[in-house]
Structures are given as structure tokens and as C-alpha cells.
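The following exercises concern the strands, helices and pockets of one protein model. Each task is followed by a solution in steps.

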Amino acid sequence: MRIAVTGSIATDHLMAFPGRFVDQLLPDQLEHVSLSFLVDSLEVRRGGVAANIAYGLGGLGLAPVLAGAVGVDFHEYEVWLKEHGVDTSGVYVSDSCQTARFMCMTDQDANQIASFYAGAMAQAAEIDLRGLTGPGDPPVDLVLVSPNDPAAMLRHTRQCRGLGIPFAADPSQQLARLDGAEVRVLVTGARWLFTNAYESALLRERTGWDAEEILERVGIWVTTLGAEGVRIERKGEPVLTVPAVPGIRPEDPTGVGDAFRAGFLAAVSWYLPLETAAQLGCAMAALVLQAVGSQDYEVDGERLLATVTTVYGTESARLLGPALRALA
């Protein structure tokens with residue numbers, strides 16, 4: 001399966017606050033918040049949702065096509081992605097803006113406060129999905145529409161419908177920016193819908209639809225639940241839940257959901273059952289959770305297989321074994 005990943009490409013500035021955000025917030029002063037946090041560390045890492053997912057897919061041997069907008073400062077990052085199996089031919093390079101910046105502070109409870117400077121990402125709507133397939137290239141089988149400039153997300157979703165390309169909707173952080181009509185456009189007709197628990201509630205609020213109405217409009221709805229694992233819902237089918245990998249000591253939660261998506265979609269591309277796909281997604285998420293930075297982990301097939309065997313059993317390992325052993 002040839003997967004195109006549209007969305008943000010960014011540099012992450014990750015900071016660690018040794019206290020708890022909730023201890024600094026005064027309930028009767030929330031209308032006048034003025035806070036400055038003294039952080040213990042700063043890590044500058046490669047990131048962006050689309051780039052993170054593409055990195056994970058590349059590590060799993062899928063050669064995804066990355067489609068996002070960057071600045072002229074992207075060269076070093078591009079070399080890194082190519083070295084890790086990512087096709088960057090779909091990347092648009094702006095001659096007037098820098099690559100986007102993600103600035104995130106994490107407290108001791110793994111809560112995060114973040115801001116995002118779009119930079120070149122604001123030009124992502126210039127990307128035409130028809131340009132992702134050149135002479136001799138296989139067709140794109142699935143487009144993942146992940147957080148990006150809102151105009152780009154809407155354009156790429158509409159192009160998928162017009163071109164008849166199956167797509168996955170991952171509005172994620174941009175739900176805070178999008179209005180109800182826009183979210184309804186992004187979701188309707190998606191083969192896959194990805195959210196986390198909070199985004200699941202926000203999606204219902206933005207669209208005005210309840211869970212049943214959303215499932216009338218999407219194929220499969222996948223919701224990550226942090227330490228509680230994953231919930232998978234389909235119209236007319238029992239809810240499927242898969243536990244997370246237990247006993248993980250978190251270093252940094254940034255990019256965990258992106259790694260889950262990479263593992264899940266890789267297993268889907270190998271035509272494995274939904275439960276097995278979610279299990280690989282959780283194993284990938286555990287790898288990232290133990291690293292600082294969303295692309296500072298190694299996709300090790302034997303390590304992933306050992307995790308799957310220990311946590312999910314021998315049958316899951318049997319299904320995933322051929323693909324994961326081939327990565328060695």
C-alpha cells in the first residue's frame with residue numbers, strides 16, 4: 001500500500017517544567033492568566049505530525065510520500081527523512097518563510113502547554129495531490145490528512161473525494177481552530193478517523209453530531225486513550241478495545257500518537273486484523289514514549305516483536321512476525 005501523509009513538518013522545541021501546571025493556576029484568576037515557567041531543559045528536535053508519522057512508516061518499511069510545506073531551512077531535515085525511508089518528493093518549499101516551529105512545555109504529570117508557529121505551513125494549500133504520482137509511480141492507495149494549514153486540510157480532503165482516493169481524517173490539534181462546517185467536511189467519507197479521548201469529545205461538540213451520527217459518516221473511528229489503550233468503533237459492530245503497553249516509564253509524550261498512527265496504518269497496509277493493527281500501534285507508541293523527541297527512536301523489528309509477544313500474545317506475534325522480522 002502506498003500511503004501519502006499530508007500535514008505539518010516542523011522543528012520541535014521541547015521544554016521540561018519540574019512542577020505541575022495545575023498548581024500554578026488560580027481558579028478565581030483564570031480570566032487574567034500571566035505566567036512564566038522556569039524550565040529545567042530544552043531539547044530541539046525534528047517534528048511535525050506528518051513528518052513524525054512518515055518517519056514511523058518509513059522505519060516500518062513502507063516508503064510513505066510526505067506532502068507538506070517547509071522553508072529553505074529544510075535541507076538537513078530532508079536528508080534525515082530520506083535516510084529513514086521517506087519519499088519527500090511531495091514537499092513544497094517556500095522561498096519566503098521558515099519551516100514551522102512547535103514549542104511545547106511538559107510538566108511532571110506529562111501535561112503539556114504548547115504553541116505552534118505555522119511559517120511555511122501556511123502555504124501548504126499550494127500542494128496538489130495530483131502531483132504525488134509521477135510517470136512510473138504506483139498510485140496512492142491512501143491519503144492521511146493530518147493537522148496542517150486549515151485550507152490545505154480542506155483542499156486535500158476534497159481532492160481525495162474528487163480523485164476517488166481513500167483518505168484518513170486526523171484533524172487532531174486543529175480541531176481548536178476549525179469551525180463546525182469545516183470539521184464536518186474533513187470527517188465525512190473518511191475511511192479512517194483518528195482522535196484522542198479529548199479530541200473525540202471536541203469533535204462531537206464541533207460537528208453537533210453524536211457518536212452514532214459520526215459513525216454513519218466514517219468507516220472506522222480509532223480513539224487513543226493514553227495509558228488505557230485504544231478504542232475502535234464501527235457502525236453496527238461491537239466496540240473493540242486494545243490495552244496499551246504497560247509498565248512504560250515516560251520520558252516525553254510528544255509524538256506518541258503519531259507513532260501509534262504509523263504502526264496502525266502499517267499493519268493495515270499488511271492487511272492484518274484491526275486488533276493486531278492497534279497492538280502494533282501501541283508498541284510503536286511505547287517506543288516513542290521512552291525517548292525525548294518524536295523521531296529520536298529506532299524502529300527495531302525484533303524489539304517490537306518481543307513487546308507484542310509479551311503484551312499481546314503469540315498469535316499477534318505470529319501475524320506481525322513476517323513483516324517485523326523483515327526490518328532487521
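**Exercise 1.** At roughly what angle do the axes of helix α8 and helix α10 cross, and within what distance do they come?

*Solution.* The model is predicted, so local features need pLDDT of at least 70 and side-chain atom pairs count only at pLDDT 80 or more, whereas totals for chains, interfaces and linings use all residues. Residues are numbered from 1 along each chain as its sequence is written, and side-chain values use heavy atoms, with hydrogens and water left out.

Step 1. Helices (H or I, at least four residues) and strands (E, at least two) are DSSP runs, numbered from the N terminus. Helix α8 covers residues 274–289 and helix α10 covers residues 314–325.

Step 2. Axes are lines fitted to C-alpha atoms, for helices over the stretch in contact, and angles run from 0 to 180 degrees between N-to-C directions. The two axes come within 10 Å and cross at roughly 65 degrees.

Step 3. The crossing of α8 and α10 is right-handed (the near helix is turned clockwise from the far one by less than a right angle).

Step 4. With contact meaning heavy atoms within 4.5 Å, Thr 276, Gln 279 and Leu 280 of α8 meet Ser 316, Leu 319, Leu 320 and Leu 324 of α10. By class, this contact has 4 nonpolar, 3 polar and no charged residues. Here Ala, Val, Leu, Ile, Met, Phe, Trp, Tyr, Cys and Pro count as nonpolar, Asp, Glu, Lys and Arg as charged, and the others, Gly among them, as polar.

**Exercise 2.** Determine the strand order of the open sheet of 8 strands, and locate its hairpins.

*Solution.* Step 1. Two strands pair if DSSP finds at least two bridges between them. The order is β4-β1-β9-β10-β11-β12-β13-β14, and the pairing is mixed.

Step 2. β4 (65–67) and β14 (240–242) are the edge strands, each pairing on one side only. From one strand to the next, the twist averages 20 degrees.

Step 3. Helix α1 (residues 49–59) packs on this sheet and touches β1 (3–6), β4 and β9. The direction of α1 makes about 155 degrees with that of β1.

Step 4. Strands β9 (residues 142–145) and β10 (residues 167–169) run parallel and are joined by 3 bridges; Val 145 has Ala 169 as its bridge partner in β10.

Step 5. Strands β12 (residues 220–224) and β13 (residues 230–233) run antiparallel, joined by 4 bridges, and Trp 221 stands opposite Glu 233. They form a hairpin with 5 residues between them, where Gly 226 in the turn has a positive phi of about 65 degrees.

Step 6. β13 and β14 are joined by 3 bridges and run antiparallel, with Leu 240 as the bridge partner of Ile 232. Their hairpin has 6 residues between the strands, and Gly 236 in its turn has a positive phi of about 75 degrees.

**Exercise 3.** In what order do the 4 strands of the other open sheet lie?

*Solution.* Step 1. The order is β3-β2-β7-β8, with mixed pairing. The edge strands β3 and β8 (112–117) each pair on one side only.

Step 2. Ignoring direction, neighbouring strands of this sheet are turned by 15 degrees against each other on average.

Step 3. Strand β7 (residues 100–106) pairs with β8 in the antiparallel sense over 6 bridges; in β8, Tyr 117 is the bridge partner of Arg 101.

**Exercise 4.** Which strand supplies the largest share of the lining of the second largest pocket?

*Solution.* The largest share, 3 residues, comes from β2. β2 (10–16) and β3 (41–47) each supply at least two residues of this lining.
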